[in-house]
Amino acid sequence: MTQPPGNGPVPQNPRHSRDTGSPPAYGELYRAEGDSDFGGSGRTAWSGEESGPGNGEPAAWRRPAIIAAAGLPVGLLWWLLAPGGLNLLTRDPALATGTNAEGWLPRDLVLAGMFLLAGCLTGFLLNGKRTGAPAPGTVVLAVIGGALGAVIAWQAGVLAGQWWGPAEDTAPNVSIAFSLRSYAVLAVWPAAVAISVFVVNLLSLLGKPPVQDN
């Protein structure tokens, strides 16, 4: 069979056009292998980063920043639920103000429980879309983010008590104002992150079938 005569250029494969330096036809660049947003080395639509190996994940600082920013709603929720704040958890009028010393310990325990929940959720999310254990650097950054989130939550709750709570005379004891008596509670969030990552990976290892030698 003879090739039909023609004066126009012979159409080239987009990969060949890329190798020879000539520009590909309009629209063919995105149909070429490896240039699609759904695979290969194209840019991801949500992050603008190259999606090659190790580049499809969010930037390293985003994860701890998101974890730390979660401390703000946690702190506001602490003030809403705990005794001495709006006291929505117990609704006991005797614990509505900080002058009742019996509400100081429950106030700390409410924040500790919220930190425990937030830390476990953080640790589980680190393993949620992975087939293996997260990298040590990822866990360290998540623990740092949990520590920052705990401090932000503590300060957010204290500021909420100062802005929206009743004025309290703290001359007898500073704990009368909405505050945190035991600073060890701040370690619950980062500790829960590390422990939950360890437990999830341990359970995944125990659930794998043993490797049999041939």
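**Exercise 1. A ring pair**

Task: Decide whether tryptophan 78 and phenylalanine 178 are buried or exposed, then classify their ring pair.

Solution:
- Step 1. Tryptophan 78 and phenylalanine 178 are both buried. Keep in mind that this is a predicted model.
- Step 2. Count the ring pairs. There are five aromatic pairs.
- Step 3. Take the pair of tryptophan 78 with phenylalanine 178. The centres are 4.5 Å apart, and the planes make 50 degrees.
- Step 4. Apply the cut-offs. Stacked needs planes under 30 degrees apart, and edge-to-face needs over 60. The pair of tryptophan 78 and phenylalanine 178 is tilted.
- Step 5. Place the two residues in the chain. Tryptophan 78 belongs to helix α3, while phenylalanine 178 sits in the loop between α5 and α6 (188-207). They are 100 residues apart, and the pair links distant parts of the chain.

**Exercise 2. Two tryptophans**

Task: Classify the ring pair of tryptophan 163 and tryptophan 164, and say which cluster they join.

Solution:
- Step 1. Read the geometry. The ring centres are 6.2 Å apart and the planes stand at 75 degrees, so tryptophan 163 and tryptophan 164 are an edge-to-face pair.
- Step 2. Check accessibility. Tryptophan 163 and tryptophan 164 are both exposed.
- Step 3. Follow the ring pairs. They join Trp163 and Trp164 with Trp79 in a cluster.

**Exercise 3. How α3 meets α5**

Task: Describe how helix α3 and helix α5 pack, and sort the residues of their contact.

Solution:
- Step 1. Locate the helices. Helix α3 covers residues 71-81, and helix α5 covers residues 136-164.
- Step 2. Take the angle and the distance. The angle is about 45 degrees, with the axes 7 Å apart. That angle makes α3 oblique to α5.
- Step 3. Add the handedness. The crossing of α3 past α5 is right-handed.
- Step 4. List the α3 side of the contact. It is made by Gly71, Leu72, Val74, Gly75, Leu76, Trp78 and Trp79.
- Step 5. List the α5 side. Here the residues are Gly149, Ile152, Ala153, Trp154, Ala156, Gly157, Val158, Ala160, Gly161 and Trp164.
- Step 6. Sort them. Twelve are nonpolar, five are polar and no residue is charged. Glycine counts as polar in this sorting.

**Exercise 4. How α3 meets α4**

Task: Repeat the analysis for α3 and α4, and find how many charged residues their contact holds.

Solution:
- Step 1. α3 and α4 pack at about 145 degrees, and their axes are 10 Å apart.
- Step 2. Their crossing is right-handed.
- Step 3. From α3 come Val74, Leu77, Trp78 and Leu81. From α4 come Arg107, Val110, Leu111, Met114 and Phe115.
- Step 4. The contact of α3 with α4 has eight nonpolar residues, no polar ones and one charged.

**Exercise 5. Two residues of α4**

Task: Say what leucine 111 touches, and what threonine 122 touches.

Solution:
- Step 1. Leucine 111 is part of helix α4. Its relative accessibility is 0%, so leucine 111 is buried.
- Step 2. Set aside neighbours within four places in sequence. Leucine 111 is then in contact with Trp78, Leu180 and Val185.
- Step 3. Add a distance. The C-alpha atoms of leucine 111 and tryptophan 189 are 9.9 Å apart, across 78 residues of chain.
- Step 4. Threonine 122 is also found in helix α4. Its relative accessible area is 12%, so threonine 122 is buried.
- Step 5. Leave out residues up to four places away in sequence. Threonine 122 then touches Ile67, Trp189 and Val193.

**Exercise 6. Three loop residues**

Task: Find where asparagine 87, arginine 91 and threonine 170 lie, and describe each one.

Solution:
- Step 1. Asparagine 87 lies in the loop between α3 and α4 (104-127). Its phi is near 60 degrees, a positive value in a residue that is not glycine.
- Step 2. Buried means under 20% relative accessible area. Asparagine 87 has 4% relative accessibility, so asparagine 87 counts as buried.
- Step 3. Arginine 91 is in the loop between α3 and α4. Arginine 91 is not a glycine, yet its phi is positive, at about 55 degrees.
- Step 4. Exposed means over 50%. At 62% relative accessibility, arginine 91 counts as exposed.
- Step 5. Threonine 170 lies in the loop between α5 and α6. Its relative accessible area is 33%, so threonine 170 is partly exposed.
- Step 6. Threonine 170 and threonine 99 are 71 residues apart along the chain, with 8.9 Å between their C-alpha atoms.

Terms used: Residues numbered from 1 in each chain as written. Predicted model: local features only at pLDDT ≥ 70, side-chain atom pairs only at ≥ 80, totals over all residues. Heavy atoms only, no water. Axes fitted to C-alpha atoms, helices over the stretch in contact; angles between N-to-C directions. Helix = DSSP H or I, 4+ residues; strand = E, 2+ residues; numbered from the N terminus. Parallel < 35°, antiparallel > 145°, perpendicular 65-115°, else oblique. Left-handed = near helix turned anticlockwise from the far one by under 90°. Contact = heavy atoms within 4.5 Å. Phe/Tyr/Trp six-rings, centres within 6.5 Å; stacked < 30°, edge-to-face > 60°. Buried < 20%, exposed > 50% of the residue type's maximum accessible area, 1.4 Å probe, protein only.
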